[in-house]
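Got the model open in your viewer? Keep the selection box handy, and we'll hop from one stop to the next.

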Number of protein chains: 2
Amino acid sequence: MNKCEQCIVRQFSSLKALNKDELIRMAECKTSYTIKKGEPIFEEGEVTNGIYCIKDGVCKLSKLSDNGKDQIVKLVKPGELLGQRSMISDEPANLSAIALEDMEVCFIPRSEVMQFFNENNQFSMNVMKTICEDLKGADDHIVNMAQKTVRQRLVETLIYLEETFGKNEDGSLHIQLSREELAGMIGTATESCIRLLSELNKSNLIELNGKKIFITDKNKLKRFS
Amino acid sequence: MNKCEQCIVRQFSSLKALNKDELIRMAECKTSYTIKKGEPIFEEGEVTNGIYCIKDGVCKLSKLSDNGKDQIVKLVKPGELLGQRSMISDEPANLSAIALEDMEVCFIPRSEVMQFFNENNQFSMNVMKTICEDLKGADDHIVNMAQKTVRQRLVETLIYLEETFGKNEDGSLHIQLSREELAGMIGTATESCIRLLSELNKSNLIELNGKKIFITDKNKLKRFS
DNA sequence: AAATTTGTATGACAAATATCATATTTTGTT
DNA sequence: AACAAAATATGATATTTGTCATACAAATTT
């Protein structure tokens with residue numbers, strides 16, 4: 001069993017507030033999982049009964065809409081926690097969490113987290129601030145979805161992907177989404193997404209090579225939207 | 001100075017967890033305001049330094065988008081608190097709060113609320129659960145904005161308005177929004193909103209009489225979307 | 001009461017986006 | 001390597017939505 005004390009990603013989450021004793025307790029009750037690309041960590045409506053700490057890999061939080069399409073609400077990266085809202089609301093998950101890459105995650109049971117939550121004020125404050133950030137982000141997201149064109153949303157999403165998840169050595173976006181997933185982030189039809197990518201490609205703002213996307217001219221791209 | 005103890009709307013908010021002593025302390029430091037229809041309680045970017053308890057009247061939470069249009073993110077009714085997220089994040093307001101009717105609100109300074117927050121566990125838990133509800137609502141809102149048509153959003157908004165804020169004696173929606181505001185809720189151009197309302201009117205699903213909107217056949221309206 | 005401003009309504013048109021069809025490419029499987 | 005399945009790409013077209021112009025109505029001011 002790995003020690004939570006020595007886990008680097010913990011430092012980036014609310015868990016950084018836990019003391020040595022608490023970390024040892026956590027290490028004893030946690031379960032580590034490996035999740036393959038495409039597999040769910042949990043799904044919409046599922047009772048999670050605990051939180052997940054993302055050690056490695058990125059996942060999407062999405063929700064199935066009435067029209068049968070999956071809308072991606074947020075991407076989550078290593079160091080973040082999943083399931084905090086459900087834990088506090090004591091409700092099933094509102095969103096599905098699906099791995100976009102092979103992942104390593106640790107599950108910490110609700111009972112244990114709630115104990116930290118009640119006895120460690122800094123920890124609960126951290127959790128709360130994270131949820132508040134999420135709420136602010138979601139409100140801004142609503143405004144963008146409601147007021148921006150598909151092209152603007154696509155351009156901004158591409159820039160977000162580069163700035164948040166970085167580039168490979170060859171300069172391509174590190175996070176590889178299928179066209180369908182990218183469409184699911186910006187809230188449009190897959191064909192529209194493909195078409196706009198082609199257009200940006202032809203305008204020499206991005207370059208497409210198979211699944212790889214290169215942002216050729218970020219400044220021009222920003223201005224374009 | 002009115003006593004918070006005797007205030008009914010307090011019972012509907014997180015403040016219901018406060019004990020008698022705390023309520024007396026709150027009554028001493030609160031400030032009561034009257035806000036006229038159309039006036040702001042606070043605006044985007046403003047440092048609020050406390051929370052507002054809505055005693056009477058409804059307000060909109062909105063954000064100005066880059067395209068110059070105001071997107072309404074949420075409506076807030078009596079019994080709810082405003083500014084909780086800003087208080088916890090210790091950040092300026094992310095949204096503007098503008099009165100849709102004449103309002104009565106009480107302002108409670110940040111210092112006081114944070115004291116309740118730290119010493120009264122039930123209160124802080126209530127605040128957190130409210131923020132979690134808001135986050136869930138916002139996530140769902142994102143999916144609707146991204147995946148539903150303007151017509152669907154309009155229909156669902158009309159039904160939401162009736163079910164949340166009720167009807168007048170004559171059967172019209174109690175909350176009166178201008179066409180521009182309604183367009184700002186569903187995220188569309190004012191003209192498009194007006195046109196779709198006319199269409200619903202011609203299809204005998206709703207009835208328009210000046211600013212008044214009557215939902216004639218709610219079930220058919222639901223199915224229509 | 002007349003005049004001005006503001007909000008609502010509608011037509012005409014343009015632009016954006018979705019849908020359906022089909023081709024091409026990539027990926028995975030046998 | 002050959003095949004099947006899935007993903008990507010593109011054309012044609014329909015539909016939705018936005019924009020601009022203008023008319024009309026209601027509220028407000030003078």
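Start by selecting DNA strand C and everything near it, where near means that a heavy atom of the residue lies within 4 Å of the strand. You should get 15 residues, and the closest are V150(A), T188(A), S192(A), R179(B) and S198(B). Of the strand C atoms that come within 4 Å of the protein, sugar and phosphate make up 59%.

A note on what you're looking at: this is a predicted model, where local features need pLDDT of at least 70, side-chain atom pairs count only at pLDDT 80 or more, and totals for chains, interfaces and linings use all residues. Residues are numbered from 1 along each chain as its sequence is written, chains are lettered from A and ligands numbered from 1 in the order in which they are written, and side-chain values use heavy atoms, with hydrogens and water left out.

Now show the polar contacts to the phosphates of strand C. A polar contact is a pair of N or O atoms within 3.5 Å; within protein, one must be able to donate a hydrogen and the other to accept it, and residues adjacent in sequence count only if both atoms are side-chain atoms. Try these three:

- V150(A): a backbone N or O atom sits 2.8 Å from a phosphate oxygen of DNA strand C.
- S192(A): a polar side-chain atom is 2.8 Å from a phosphate oxygen of DNA strand C.
- K211(B): here a polar side-chain atom lies 3.3 Å from a phosphate oxygen of DNA strand C.

Which elements give two or more residues to the surface near DNA strand C? Colour α7 of chain A and α7 of chain B, and you have them. The largest share, four residues, comes from α7(B). Element names come from DSSP runs, numbered from the N terminus: helices are H or I with at least four residues, strands are E with at least two.

Next, switch to DNA strand D. Again 15 residues surround the strand, and the closest are R179(A), S198(A), V150(B), T188(B) and S192(B). Sugar and phosphate account for 56% of the strand D atoms within 4 Å of the protein. Click through the phosphate contacts here:

- T188(B) has a polar side-chain atom 2.3 Å from a phosphate oxygen of DNA strand D.
- V150(B) puts a polar backbone atom 2.9 Å from a phosphate oxygen of DNA strand D.
- K211(A) has a side-chain N or O atom 3.2 Å from a phosphate oxygen of DNA strand D.

The elements giving two or more residues to this surface are α7 (190–202) of chain A and α7 (190–202) of chain B. For strand D the largest share, four residues, is from α7(A).

Zoom out to both protein chains. Chain B superposes on chain A by a rotation of 180° with 0.0 Å of shift along its axis, at RMSD 0.0 Å (least squares on the C-alpha atoms of residues with pLDDT of at least 70 in both). The two copies are therefore related as by a two-fold rotation axis. They also use the same surface: 100% of the contact residues of chain B recur in chain A, contact meaning heavy atoms within 4.5 Å.

Stay in chain A and pick helix α6 (residues 179–186). Seven of its eight residues are buried, which here means under 20% relative accessible area, with exposed over 50% and partly exposed in between (1.4 Å probe, protein chains only). R179(A), L182(A) and M185(A) are among the buried ones. Just after α6(A), check the backbone of G187(A), with its positive phi of about 75°.

Then select Q84(A), in helix α2 (residues 84–89) of chain A. At 7% relative accessibility, Q84(A) counts as buried. Beyond neighbours within four places in sequence, Q84(A) is in contact with S14(A), I51(A), V127(A), T130(A) and I131(A).

Next up is helix α4 (residues 121–147) of chain A. At its start, a side-chain oxygen of N120(A) comes to within 3.1 Å of the backbone nitrogen of Q122(A). Put a ruler on the ends: the 27 residues should span 39 Å at 1.5 Å times one less than the number of residues, and the end C-alpha atoms are 39 Å apart, which agrees.

Last stop, the aromatics. Rings of Phe, Tyr and Trp (its six-membered ring) pair if their centres lie within 6.5 Å; planes under 30 degrees apart count as stacked, over 60 as edge-to-face and the rest as tilted. That rule gives 10 aromatic pairs over all chains. Select Y52(B) and F107(B): their ring centres are 5.0 Å apart and their planes at 55°, so the pair is tilted. Both Y52(B) and F107(B) are buried. Finish in chain A, where ring pairs link F42(A), Y52(A) and F107(A) into a cluster.
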